[in-house]
Amino acid sequence: MALVSLLDVSLSFGGAPLLDRVNLQIERGERVCLVGRNGAGKSTLMKVIAGEMTPDAGQAMRTPADAVIATLPQEVPAGLAGTVRAVIEGEGGAYEVHNDWERHDRVEKLMERMGLPAEMEFAALSAGQKRRVLLARGLVTAPDLLLLDEPTNHLDLASIRWLEDFLLEWGGALLFVTHDRAFLRRLATRIVEVDRGRLIGWSCDYDTFLVRKQAVLEAEEVERAQFDKKLAQEEEWIRRGVKAQRSRAQNRIHALQAMRAERAARRERTGTARLTAQEADRSGFKVISCAGASFRYGDRWIVRDLDVRIERGDKIGIVGPNGAGKTTLLRLLLGQLSPQAGTVEHGTRLEIVYFDQLRAQLDEAMRVQDAVADGNATVTINGRTRHVISYLEDFLFEPARARTPIRALSGGERNRLLLARLFTKPANVLVLDEPTNDLDAETLELLEDLLVEFGGTVLLVSHDRAFLNEVTTSLLVFEGEGRITEFVGGYDDWQAAVVRQAAPGARDDGATPARARVGNAELEKKAGATKPRRLTNKERAELEALPKQIEVLEAEQAELTARLGDPQFFKTAGAEVARATLRLQELEAEVAAAYERWTTLEGQAATGK
């Protein structure tokens with residue numbers, strides 16, 4: 001029997017319903033991931049299941065009725081104070097208050113299992129440790145179902161891996177929302193999509209879901225086009241005047257009225273963002289060069305003896321634990337901080353645009369459109385002047401939303417706004433500090449494609465493993481005490497090298513610096529080693545379309561060849577002969593280029609997996 005059941009649940013906040021007669025069942029032991037666009041209603045659905053929100057219609061039931069549901073909120077609640085033990089124990093503290101005499105043992109076991117300092121003040125913990133405490137606070141109630149809303153936000157890579165391992169071992173029922181595709185792929189046993197007020201279940205892995213979802217959308221597009229064509233024909237018929245028999249005409253009129261009502265009730269899918277970076281003139285080949293660069297706060301080294309050369313076109317990922325100093329390293333590389341030893345040198349013609357993790361570049365009181373265009377009505381993008389409202393629609397801001405104050409925006413909307421603002425500025429160096437937080441999967445993939453295709457240099461701080469794999473050509477990895485290792489490849493490449501280094505027989509006598517042991521990007525570049533680049537989403541679509549494109553080109557080529565081989569064509573066609581001959585030459589070049597592109601993309605697909 002299902003642990004949680006929703007039966008014909010509807011909920012609206014004045015506009016189109018966020019939930020429209022939806023049904024859902026969650027079984028014991030399932031790990032269900034909610035996916036959908038920003039604002040689709042995922043968090044609202046979780047609040048209905050948790051009992052924090054009452055639906056307008058329908059029922060939300062638990063079996064048994066006293067089944068316990070715990071929630072790990074997206075943000076740390078304000079006002080939590082006291083020791084770690086006190087926060088985990090919750091209000092009341094004493095176990096008789098909860099009528100749960102096993103609670104004390106669970107608190108002790110959870111603190112030991114999660115590596116939490118029992119008597120440390122909650123306020124003094126790192127963001128990752130605070131998330132662990134909140135998870136323990138939920139688990140101490142022995143929940144039947146655990147609700148997680150963006151559980152990886154603000155966690156470093158080590159904390160995310162720990163959370164994955166913990167939840168897999170825990171084995172209870174999970175319902176979670178996440179933008180972290182690697183987290184989703186590892187945990188989810190089922191995917192439920194929230195789309196235009198409906199819930200659609202997908203019993204498959206995430207990659208299969210993407211393929212099947214695309215097929216469904218394409219089929220829906222065809223079906224709607226056929227419906228709209230039929231509706232247009234019927235509208236034309238009734239405008240000409242009814243000439244058929246009365247009873248038959250009345251039936252057709254009623255059918256037309258039903259079609260009009262159906263068309264009016266149709267909910268269009270939220271559009272796809274269109275991200276375009278405005279590229280400045282090319283920088284010099286050398287972008288940033290560090291020689292023995294060092295920086296510390298007091299006695300604590302943040303960066304120590306860093307030797308690195310960043311060249312035009314490099315896509316550098318910066319990874320490390322929370323608090324290691326990743327943002328400080330960025331500021332050092334950008335010249336906002338001066339090294340206390342060694343040198344940091346910049347190349348020529350650098351145009352730098354910086355995406356700030358803390359969103360400090362946004363004035364809460366400003367309207368969205370004013371934040372993008374500095375109060376002007378237009379923006380200029382790659383030499384083309386556009387109205388700011390039209391430009392913001394590319395980033396999924398409707399005109400009314402573009403006129404609202406920034407303080408009214410959600411986290412995902414703020415990220416899209418900052419991207420919209422930054423991309424109005426010409427750049428050949430993009431610096432992005434945690435750009436992926438709160439973005440939906442579709443926008444993330446578009447941002448990935450943009451960064452991969454960007455002709456300049458990218459410096460990227462992120463804990464999103466899938467994002468790092470897709471975008472980066474090398475990593476700068478914090479290893480403690482200010483030591484930073486440069487490594488060729490993405491996240492998976494780095495982890496594979498760590499495993500190889502830890503394998504029995506790997507030489508590690510301590511005499512070789514960690515930088516050289518794990519892999520030096522500069523030396524590998526000089527040796528000619530290159531990282532196989534994964535295909536972008538656009539390139540994958542191009543690869544899938546190429547066979548059909550080649551087939552069309554070759555059919556046209558065969559048809560023209562046959563025509564030019566017909567003596568009658570030469571006698572009667574006149575000027576057509578010259579045009580056909582020229583087109584045949586063009587086709588030969590296009591077919592050759594298409595085959596070459598196909599071979600290139602297939603090779604990348606095979607080596608970049």
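Which backbone nitrogen does the side chain of Asn-23 reach? Keep that in mind while you get your bearings. This is a predicted model.

**Whole protein**

Start with everything shown as a cartoon. The protein has 22 helices and 20 strands. It runs to 609 residues, and 47% of them count as buried. Now think about contacts between residues at least 6 apart in sequence: 69% of these join residues at least 24 apart. Switch to a surface view. About 30000 Å² is exposed, with carbon and sulfur atoms supplying 51% of that area.

**Confidence**

Colour by pLDDT. The mean for the protein is 83, and 89% of residues reach 70 or more. Select strand β12, residues 315-319: confidence peaks here, at a mean of 95. Then select helix α18, residues 514-518, where confidence is lowest, at a mean of 38. Widen the selection to residues 508-531. The pLDDT stays under 50 across this stretch, for which the model has 41 contacts beyond four places in sequence. Where pLDDT is low, the predicted coordinates should not be read in detail.

**Asn-23**

Go to strand β2, residues 19-26, and pick out Asn-23. Here is the reply to the opening question: the side chain of Asn-23 reaches the backbone nitrogen of Asp-8, at 2.8 Å. Show the surroundings. Beyond residues up to four places away in sequence, Asn-23 touches Leu-6, Leu-7, Asp-8 and Leu-199. Next, draw a line between the C-alpha atoms of Asn-23 and Gly-58. They are 35 residues apart along the chain, and the line spans 9.2 Å. Is Asn-23 buried, exposed or partly exposed? Its relative accessibility is 41%, so Asn-23 is partly exposed, a class that lies between the 20% and 50% cut-offs.

**Helix α1**

Select residues 42-50. This is helix α1, and it is mostly covered, with 7 of its 9 residues buried. Show side chains for the buried set: Lys-42, Thr-44, Leu-45, Met-46, Val-48, Ile-49 and Ala-50. Step on to Gly-51, which follows α1. The phi of Gly-51 is positive, near 85 degrees.

**Nonpolar cores**

Which residues touch the most other members of the largest nonpolar core? Select Leu-392, Leu-417, Phe-423 and Leu-451; the core has 49 residues. Centre on Phe-423. Setting aside neighbours within four places in sequence, its contacts include Thr-276, Ala-277 and Gln-278. Also among them are Ile-381, Tyr-391, Phe-395, Leu-430, Leu-447 and Leu-450. Now move to a second, separate core, of 39 residues. Its members include Met-111, Met-114, Val-133 and Phe-166.

**Glu-235**

Follow helix α8, residues 206-240, to Glu-235. Buried or exposed? The relative accessible area of Glu-235 is 19%, and buried means under 20%, so Glu-235 counts as buried. Display its partners too. Leaving out neighbours within four places in sequence, Glu-235 contacts Leu-256 and Arg-260.

**Cysteines**

How many disulfides does the structure hold? The count is 0. Two cysteines are still worth a stop. Cys-33 has a relative accessible area of 0% and is buried. Cys-290 is buried as well, at 4%.

**Last stop**

Finish at residues 94-98. Here the pLDDT is below 50, and the stretch has 11 contacts in the model beyond near neighbours in sequence.

Note on methods: Residues numbered from 1 in each chain as written. Predicted model: local features only at pLDDT ≥ 70, side-chain atom pairs only at ≥ 80, totals over all residues. Heavy atoms only, no water. pLDDT = per-residue confidence, 0-100. Helix = DSSP H or I, 4+ residues; strand = E, 2+ residues; numbered from the N terminus. Contact = heavy atoms within 4.5 Å. Buried < 20%, exposed > 50% of the residue type's maximum accessible area, 1.4 Å probe, protein only. Polar contact = N/O pair within 3.5 Å; in protein donor to acceptor, adjacent residues only side chain to side chain. Disulfide = S-S within 2.5 Å. Areas by Shrake-Rupley, 256 points an atom, 1.4 Å probe, with all protein chains shown as cover. Core = buried A, V, L, I, M, F, W, Y, C linked by side-chain atoms within 4.5 Å.
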